[in-house]
Every structure is written in structure tokens, then in C-alpha cells.
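Colleague: Before I take your labels on trust, can you show me what stands behind each one? Let's go through them with the model on screen.

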Amino acid sequence: MKYRRKEVVEAVQWNGKNQSEIKAFAGQFAMFDYADTNHDGKTFDAVLKVKNSEQILAAVVGDYVVRGEKGDFFIKKQAEFEAVYEKSE
């Protein structure tokens, strides 16, 4: 037998530059730090962390920030998210 997830979720994909979109979506649950990811002392990229009731999760570019049915936020890796969910209008 085949099964499909019944839940519908809202999500925004983190692209490393869309801080305002993520903040508008997740509000106080989204936090940003800035790190010298190139280790050149000049380039500082945003590092996204998402807080939920259990922990603080770090995202990498390409991950999805997902709001579950109960309003909780979590991170899903791109491949995992796209394997489970499809766009719904």
C-alpha cells in the first residue's frame, strides 16, 4: 500500500540572503548570527537558527524552515523536504 502525508505545512527555503522573509515567516523563532564563513576576515554571512519548544536548530543554505500544523517551527533538509512535500496552492 502507498501512503501520503495528510498534513499541509507552510515553509520558506533559506537561501542565505532572505533574512527578512524568514523573519516575517517565523518571527521570534528565527535568529541570525553572522559568521566569517570564508575565513577572510571581511565576508560575514548570515547564519540562521530556528528555536522550537525543544531545541535551537541551525540551518544551512537550501534547508526549509517549516511551520507545522500546531504552529511549531523546525528545519528540514532540502532533499528530505522535497521528497515528502509538494507545492499546494
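Modeller: Sure. Start with pairing: two strands pair if DSSP finds at least two bridges between them. Keep in mind that this is a predicted model.

Colleague: How do you know that strand 2 and strand 3 pair?

Modeller: Strand 2 and strand 3 (residues 45–51) share six bridges, and the cut-off is at least two, so they count as a pair. The sense is antiparallel. If you want one bridge to click on, alanine 35 has aspartate 45 in strand 3 as its partner.

Colleague: What is the order of the strands in the open sheet?

Modeller: The order is 2-3-4, three strands with antiparallel pairing.

Colleague: Why do strand 2 and strand 4 stand at the edges?

Modeller: Strand 2 (30–35) and strand 4 (56–58) each have a single partner strand, so one side of each is left without a neighbour in the sheet. As for twist, neighbouring strands here are turned by 30° against each other on average, ignoring direction.

Colleague: What lies across strand 2 and strand 3?

Modeller: That's helix 1 (residues 19–26), which runs at about 155° to strand 2. Angles are taken between N-to-C directions on a scale from 0 to 180 degrees, so with about 155° the helix points largely against strand 2.

Colleague: How do you know that strand 5 and strand 6 pair?

Modeller: Same test. Strand 5 (residues 64–67) and strand 6 (residues 73–76) are joined by four bridges, where at least two are needed, so they pass. They run antiparallel, and valine 65 stands opposite isoleucine 75 in strand 6.

Colleague: What makes up the turn of that hairpin?

Modeller: Five residues sit between strand 5 and strand 6, and glycine 71 in the turn has a positive phi of about 85°.

Colleague: Now the whole chain. Which pattern does the chain follow along the sequence?

Modeller: It reads β-α-β-β-β-β-β-α, with two helices and six strands in the chain. The C-alpha trace spans about 55 × 25 × 25 Å along its principal axes.

Colleague: How many of the residues are called buried?

Modeller: Buried takes under 20% relative accessible area, and 30% of the 89 residues meet that. The chain exposes about 6600 Å², with carbon and sulfur atoms supplying 50% of it.

Colleague: And the charges: how many are positive and how many negative?

Modeller: There are 14 positive and 15 negative charges, and their mean positions are 3 Å apart.

Definitions and conventions: Residues numbered from 1 in each chain as written. Predicted model: local features only at pLDDT ≥ 70, side-chain atom pairs only at ≥ 80, totals over all residues. Heavy atoms only, no water. Contact = heavy atoms within 4.5 Å. Buried < 20%, exposed > 50% of the residue type's maximum accessible area, 1.4 Å probe, protein only. Areas by Shrake-Rupley, 256 points an atom, 1.4 Å probe, with all protein chains shown as cover. Lys, Arg positive; Asp, Glu negative; His and termini not counted. Charge placed at Lys NZ, Arg CZ, Asp CG, Glu CD.
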